[in-house]
Amino acid sequence: HPNLPVQVRIGITTRPDALPQGLPNFVTAQRQQGWLSLQPTVQPSTFTLRLAQESLIYTFEASADRERFNQFLPYFYYMAGQYAVGPTQNLPPAPLP
């Protein structure tokens with residue numbers, strides 16, 4: 001197999017322009033609604049999830065080579081689903097894969 005660079009990044013911002021328009025289209029295991037966007041035709045292809053809580057916008061972004069992006073997509077969905085923000089003391093721990 002060729003060397004496949006896969007990157008996962010997380011970030012936090014207070015910039016309101018970072019929040020996507022429209023209705024949320026993704027729900028995490030923490031029951032947090034967010035905005036998911038896929039860009040499978042660019043190089044590298046990207047998977048981006050944004051969550052908003054109070055005045056903060058949390059971003060989870062994963063990228064992979066365009067030719068292999070679909071192979072990593074299930075893992076990106078799983079990681080994004082487990083992405084937790086804010087207080088979680090009242091929730092049970094998420095099961096490990």
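**Figure 1. Surroundings of Tyr58 in the predicted model.** At 12% relative accessibility, Y58 counts as buried, because the limit for a buried residue is a relative accessible area under 20%. The model shown here and in the other views is predicted. Y58 is located in strand 5. When residues up to four places away in sequence are left out, the residues that Y58 touches are G11, I12, L49, R50, L51, Q53, Y83, V85 and G86. A18 stands 40 residues from Y58 along the chain, and the C-alpha atoms of this pair are separated by 9.4 Å.

**Figure 2. Overview of the fold.** The protein contains 1 helix and 5 strands. Read from the N terminus, the order of these elements is β-β-β-β-β-α. Of the 97 residues in the protein, 33% are buried. The accessible surface amounts to about 6600 Å², and carbon and sulfur atoms account for 57% of this surface. Among the contacts with a separation of 6 or more, 52% are between residues 24 or more positions apart.

**Figure 3. The hairpin of strand 2 and strand 3.** Strand 2 comprises residues 26-27 and strand 3 comprises residues 33-39; the two pair in the antiparallel sense over 2 bridges. Within this pairing, F26 is placed opposite G34 of strand 3. The hairpin has 5 residues between the strands, and R31 adopts a positive phi near 70°. The loop between strand 2 and strand 3 also holds Q30. Is Q30 buried or exposed? With a relative accessibility of 14%, Q30 counts as buried. A polar atom of the Q30 side chain lies 2.7 Å from the backbone oxygen of V85. V85 also appears in Figure 1, as one of the residues touched by Y58.

**Figure 4. The hairpin of strand 3 and strand 4.** Strand 4 spans residues 45-53 and runs antiparallel to strand 3, to which 6 bridges join it. Which residue of strand 4 is the bridge partner of W35? The partner of W35 is R50. R50 is also among the residues that Y58 touches. Between strand 3 and strand 4, 5 residues complete the hairpin.

**Figure 5. The largest nonpolar core.** In soluble globular proteins, nonpolar side chains tend to be buried together. The largest nonpolar core of this model has 16 residues, of which F47, L49, F60 and F76 touch the most other members. At least two residues of this core are supplied by each of strand 4, strand 5 and helix 1, the last of these covering residues 69-82. Helix 1 provides the largest share of the core, namely 5 residues. A close view of F76 shows contacts with V6, F47, F60, A62, S63, A64 and F69, leaving aside neighbours within four places in sequence. Thus two further core residues, F47 and F60, are in contact with F76.

**Figure 6. The salt bridge between Glu61 and Arg9.** How many salt bridges does a search of the whole structure find? The search finds 3 salt bridges. In one of them, the side chains of E61 and R9 meet with an N to O distance of 2.4 Å. This pair links distant parts of the chain: R9 belongs to strand 1 (residues 7-13) and E61 to strand 5 (residues 56-64), 52 residues apart. E61 has a relative accessibility of 22% and counts as partly exposed. R9 is likewise partly exposed, its relative accessible area being 32%.

**Figure 7. The salt bridges Asp17–Arg15 and Arg66–Glu67.** The side chains of D17 and R15 form a salt bridge in which N and O are 3.0 Å apart. D17 counts as exposed at 58% relative accessibility, whereas R15, with a relative accessible area of 46%, is partly exposed. R66 and E67 form another salt bridge, in which the closest N and O atoms are 3.6 Å apart. R66 is partly exposed at 38% relative accessibility. E67 has a relative accessible area of 55% and is therefore exposed, since a value over 50% counts as exposed.

Conventions
Residues numbered from 1 in each chain as written. Predicted model: local features only at pLDDT ≥ 70, side-chain atom pairs only at ≥ 80, totals over all residues. Heavy atoms only, no water. Salt bridge = Lys/Arg side-chain N within 4 Å of Asp/Glu carboxyl O. Helix = DSSP H or I, 4+ residues; strand = E, 2+ residues; numbered from the N terminus. Buried < 20%, exposed > 50% of the residue type's maximum accessible area, 1.4 Å probe, protein only. Pairing = 2+ DSSP bridges. Core = buried A, V, L, I, M, F, W, Y, C linked by side-chain atoms within 4.5 Å. Contact = heavy atoms within 4.5 Å. Polar contact = N/O pair within 3.5 Å; in protein donor to acceptor, adjacent residues only side chain to side chain. Areas by Shrake-Rupley, 256 points an atom, 1.4 Å probe, with all protein chains shown as cover.
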